[in-house]
Amino acid sequence: MKVWEKIYMVVTLLFLVVLNICNVLVFRSVYRESVNTVEQKAMVEWKNIAVPLSEDLGELGGGQDGVWELFQAYVSSYSTDGYAFELWQDGNLQYKSGIGSQMTYSYLEGKLESSFIREVERQNEILVTGEQKGKTTIVVKDEDKFTCTSGMLAGTSYQFVMYERVSGILQVWKKQLFIFLFVEIAASVLMAVLLYFIIRKFLRPIDRLSEAAARVAAGDYECQIEVEGHDEISDLSRDMNWMIRQIKENIENKEQEAAHKQEFIDALSHEMRTPLTSVRGYAQLVESTNLAEDKRIEYMDYIVKESGRMMGIMETLREMILMRQGALEKEEISLPEFTDEIKRLTELQMADKEISFTFRVTGERIYGNRTLLELLFMNILRNSYRACEAGGRITIDVSDERTVIEDNGVGMSEECLAHVFEPFYREDKSRSRKMGGSGLGMYLCRQIIDLHGWQIEIESEKGKGTKIFFTTSLQADEDLEKSCRYDKSVINVED
């Protein structure tokens, strides 16, 4: 059974129970009030007869003949339609009139029996006892209902009883009871139908949530739930839509990452296979052929260069793996000392091509991993060195907030700029291989930049050189610990 069906059944049941209890209580209260009104009216009418009757009986002095005549006079002067009267003395019926008749009967004509009181228990129920001054009850005779009002006549030993047919008045309530039951049943059915559609409408979003969850479980990440209103279910629907988008985005990222990893593996396999094939071929020539000394040296030199390039690739991959091991240790680094070390490591290489190599340092210190930052600068400078012709120019401006490395080399095309951080990407593969590049330098630089939480930008134009910018800002102490932690979602092949 669905949730909305359970809610519908419980709400409907509670509504019907409460409605019926309230209606029954109201109906009984109104009916009881009507009966009280009838009884009060009967008591008033009884007094209208009993008061003058008791006065007249007091004047007679107790003569029986006069009592009957007096009783007969009162009965005959009163409208007897639906009325009956009795006069009791010491628990015995002395005089009575028939229902709706002016004829009276006396015990002198024979023993009288009441049309309403036949048992002693009934007599005790209707007649007053003890100190009671008067009372009214409802009695039933031949399916007709009567008010029975009795009381002692003041100054006498007689008890006067008046019966009045009230079936017509109470019958109205009986009819109204049927009308009440019919209206209540109709209202209950109508309310049950309305509750069904209302609850179904309000809880319909839950079905949409369930359907969306099933579709997501089946792999459909395009579905979105229609959101209406601003209640809790609407908020849940918005959260569900956001979750579906996040799942879709995460899956797309994972698929893209897997695709990039596969491209990385394919590119690595290609990069390693080419030099390995060449090394193997030249090694076989050197081993199995009588070569001239100059050719042998040339082939061995090629083998050394290609094996060196493979070693460079493996070393770069090792460094990348080490970066992925966990937390990155950082320290404060003196900029003057750091740049002197970089200059010392690169001066000889720059001198080979007579490249103008200029360092300008305006800051005092930066915060980072010294080994990785040396690798970052060395990779960028090595690329600038390869891009410059003999007599070229490389300028480095370093501060504690920003570093700019600029050269006047061959530059890069727009296509190259779009792929420069991809592993093993080369714009001119033959030239890069000739210069010994592995295609992983800028990819590794991007990983180092991301690990430090910095940003990197490249401006370049074909034939006009390249300018590389990256931030080196010193972060606040409370942010340093966060920046030191390695986040695997940042460093991946996608970069």
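This is a short talk on a predicted model, going from the overall make-up to two sheets, two helices and a few single residues.

Okay, let's start with the overview. The protein has twelve helices and 13 strands. It runs to 495 residues, and 39% of those count as buried. If you take contacts between residues at least 6 apart in sequence, 63% of them join residues at least 24 apart. One example of a long jump along the chain is Ile199 with Tyr8: they are 191 residues apart, yet their C-alpha atoms are separated by 6.6 Å. Ile199 sits in helix 4, residues 167–217. Is Ile199 buried or exposed? It counts as buried, because its relative accessibility is 9% and the cut-off for buried is under 20%.

Now the sheets. One of them is an open sheet of six strands, in the order 3-2-1-6-5-4, and the pairing there is antiparallel. The edges are strand 3, residues 104–106, and strand 4, residues 135–141, each of which pairs on one side only. From one strand to the next, the twist averages 25 degrees. If you zoom in on the strand 3 edge, strand 2, residues 92–97, pairs with strand 3 in the antiparallel sense over three bridges. One pair to look at there is Ser97, whose bridge partner in strand 3 is Thr104.

Stay in that sheet for a second and look at the loop between strand 1, residues 83–89, and strand 2, which is where you find Asp90. Asp90 is not a glycine, but its phi is positive, about 55 degrees. As a reminder, most residues other than glycine have a negative phi. Asp90 counts as exposed, because its relative accessibility is 66%.

On to the other sheet. Five strands form an open sheet in the order 8-10-11-13-12, and here the pairing is mixed. Which strands stand at the edges? Strand 8 and strand 12 do; each has a single partner strand, so one side of each has no neighbour in the sheet. Neighbouring strands in this sheet are turned by 10 degrees against each other on average, ignoring direction. Helix 7 packs on this sheet, touching strand 8 and strand 10, and its direction makes about 180 degrees with that of strand 8.

So, helix 7. It covers residues 335–352, and its 18 residues should span 26 Å at 1.5 Å a residue; the end C-alpha atoms are 26 Å apart, which agrees. There is also a bend in helix 7, about 45 degrees, at Thr346. Thr346 is one of the buried residues of this helix as well, along with Leu335, Phe338, Thr339, Ile342 and Met350. Why does a spacing of three or four matter in a helix? An α-helix has 3.6 residues a turn, so residues three or four places apart point the same way. What covers the buried residues of helix 7 includes strands 7, 8, 9 and 10, plus helix 8, residues 370–387.

After helix 7 comes Glu354, in the loop that leads to strand 8. Glu354 is another residue other than glycine with a positive phi, near 55 degrees. It counts as exposed, because its relative accessibility is 66%.

Back to the other edge of the five-stranded sheet. Strand 12 pairs with strand 13, residues 466–471, in the antiparallel sense over five bridges. Within that pairing, Glu457 stands opposite Phe469 in strand 13. Strand 12 covers residues 456–460, and Ser460 is in it. Ser460 is buried, because its relative accessible area is 17% and the limit is under 20%.

What does the side chain of Ser460 do in there? It makes a polar contact with the side chain of Thr466, at 2.8 Å. A polar atom of the Ser460 side chain also lies 2.7 Å from the backbone nitrogen of Met412. Leaving out residues up to four places away in sequence, Ser460 touches Gly411, Met412, Leu417, Gly465 and Thr466.

Last stop, helix 11, residues 441–451. It is mostly covered, with ten of its eleven residues buried. The buried ones include Tyr443, Cys445, Gln447 and Asp450. Just after helix 11, Gly453 takes a positive phi of about 75 degrees.

That's the tour; happy to go back to any of these spots on the screen.

Note on methods
Residues are numbered from 1 along each chain as its sequence is written. This is a predicted model: local features need pLDDT of at least 70, side-chain atom pairs count only at pLDDT 80 or more; totals for chains, interfaces and linings use all residues. Side-chain values use heavy atoms; hydrogens and water are left out. Helices (H or I, at least four residues) and strands (E, at least two) are DSSP runs, numbered from the N terminus. The expected span of a helix is 1.5 Å times one less than its number of residues. The bend at a residue is the angle between axes fitted to the seven residues ending there and the seven starting there. Buried means under 20% relative accessible area, exposed over 50%, partly exposed in between (1.4 Å probe, protein chains only). Contact means heavy atoms within 4.5 Å. Two strands pair if DSSP finds at least two bridges between them. Axes are lines fitted to C-alpha atoms, for helices over the stretch in contact, and angles run from 0 to 180 degrees between N-to-C directions. A polar contact is a pair of N or O atoms within 3.5 Å; within protein, one must be able to donate a hydrogen and the other to accept it, and residues adjacent in sequence count only if both atoms are side-chain atoms.
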